[in-house]
Amino acid sequence: MKRRQLLWGAIATTGSVLLARCATVLSPTPGRSRVVSQAGELVADLTAAETWQPLAGRQARLLSYSGQVPGPLLEMNAGDRVQLRLHNRLTQPTNLHFHGLHIPPTDQADNVFRVAASGETLNYAFDLSPDHPGGLFWYHPHHHGTVAEQVFGGLAGPLIVRGAIDQVPEIQAADEAVLVLQDFDLDRRGNRREPMPMFRRWGREGDLITVNGDRPPQLPLPQNGLLRLRLLNASASRIYRLRLQNHPWHLIGLDGGALAAPTEIDELILAPGERADLLVAGQRDPAAYDLVSLPYDRGIANMMHGMGHHPRGGDRNTAPQSLAILTYTETTTPTPLPTALLPVVAPGEPIRRREFVLDHGINQGQFFLINGRGFDHHRIDTRVQLGTVEDWHILNKAGMDHPFHLHTNGFQVLRRDGQPVADPVWKDTVNIPAYGSIDLRVAFADFPGVTVYHCHILDHEDQGMMGQIEMQPSA
Ligand SMILES: [Cu+2]
């Protein structure tokens, strides 16, 4: 079988290369490790702690998993057993959420109601089903009230599931790069700045954008070859608008869902929590091409003008920034783009329709509301039956974008602002622009229990924009 290179961390900038077939834990560069499942099992320890970290050429006081920002890459196959131990060396409670995985929301699996107090260890254990979609997922804290602070401090790590999409021959032959996008707000000494109350309302952002905790990496693309680019927005609030300059790129997947065929795109908007899977074909003149981040206004400018504020300190990154540099290398055996990927299975027919209104206001001391209410751990907001399909209309009545994320089960986006979406795919997070609406079709499959849906601007989640859903076994 042809093997690809997997680029992870600041590999290209130091010249070392990591082969995807290598064994359990590898550190291609100091502080950048990868844990690959062996014989159907992935076992790893993650220690959450405040540590000094190298970050984009300087030292920064960050929150890290096992001394790394982002955390170690966990790589497994559909059907594997996963066992993780989370050691909490922070001064506050934390826990883990496995964003996008279709696993139980209960017991030791994706149970966001568990708490690791400072100094404690939590065991996580779950099985991925043999038909679990292959894709890029991620792990991060989900302890209500401190999610934004902990993720913005650096706590986030990528998780790859290898599945059916990875068996497509052209994708198998492609080189692969995982890019974790994070932003940070640091003072001159490298300490994290405490966000002003107003920035917590907007959702905290930082001037410093990093890719895998570093400066823009160079991504080698062999002439005539294929590079699979896998992007994760692990930022607390920042929405990225991305463009590969003067070079085509093709979308092959969104979140954990594959497209039916590669689709050439122009721009890519990536909200917090979202992922994109892309192929870049080395068919252009050998040169360097920039992956750039362009300004995106998620409604803050309007709000600042409305309140008489000058645009300072909110969405401060207004100039395009290079996030990675695609660099052509020597010619390789020609690999064409695949013509087909995986069939997209339809969710089935809905048995009911619900409406969720996202808005701002004050309710029991919380400001970000769903259907007029802020989060209450003692209240179940939505009860659904397993084995059914529902249509959800999500209406954003506020002048700020709110990316909506549902745990445990995926959905397809059928309409945006009432207009049908061509060729919907399975997703777990979708941005709802200010004053916009989205229609989803959700399939509630096999796992009973209580979990949550929420805004993925993590300050909004912490300040109330979250609801609880109970998935009940069919009678
Ligand atoms: Cu929000």
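1. A good place to start is the pairing of Asp459 with Arg204: their side chains meet in a salt bridge, with N and O 2.8 Å apart. Asp459 sits in helix α6 (residues 458–462) and Arg204 in the loop between α4 and β13 (208–211), so this contact ties together parts that are 255 residues apart in sequence. Asp459 is buried, at 1% relative accessible area, and Arg204 is buried too, at 7%. Please keep in mind that this is a predicted model.

2. Next, the metal site. The copper ion is held by His402 (ND1), Cys455 (SG) and His460 (ND1), at 1.9 to 2.1 Å. Along the chain, these donors follow the spacing H-x52-C-x4-H. His402 belongs to strand β27 (residues 402–406) and Cys455 to strand β33 (residues 449–455), 53 residues apart. His402 counts as buried because its relative accessibility is 0%, and Cys455 is likewise buried, at 2%.

3. You may also like the Asp255 and Arg275 salt bridge, where the closest N and O atoms are 3.7 Å apart. Asp255 lies in the loop between β17 (249–254) and β18 (257–265), while Arg275 is in strand β20 (residues 275–281), 20 residues away. Asp255 is buried at 5% relative accessibility, and Arg275 is buried at 1%.

4. Glu50 and Arg192 also form a salt bridge, at 3.2 Å between the closest N and O atoms. The pair joins strand β4 (residues 41–55) to the loop between β12 (175–184) and α4 (197–202), 142 residues apart. Here Glu50 is partly exposed, at 35%, and Arg192 is partly exposed, at 29%.

5. Finally, the overall tally: the structure holds 29 salt bridges. Arg34, Glu75, Arg162, Asp166, Glu176, Arg228, Arg230 and Asp277 are linked in a salt-bridge network.

Key. Residues are numbered from 1 along each chain as its sequence is written. This is a predicted model: local features need pLDDT of at least 70, side-chain atom pairs count only at pLDDT 80 or more; totals for chains, interfaces and linings use all residues. Side-chain values use heavy atoms; hydrogens and water are left out. Donors are N, O and S atoms within 2.8 Å of the metal (3.2 Å for Na, K and Ca); water is not among the atoms, so sites may look incomplete. Helices (H or I, at least four residues) and strands (E, at least two) are DSSP runs, numbered from the N terminus. Buried means under 20% relative accessible area, exposed over 50%, partly exposed in between (1.4 Å probe, protein chains only). A salt bridge is a side-chain nitrogen of Lys or Arg within 4 Å of a carboxyl oxygen of Asp or Glu.
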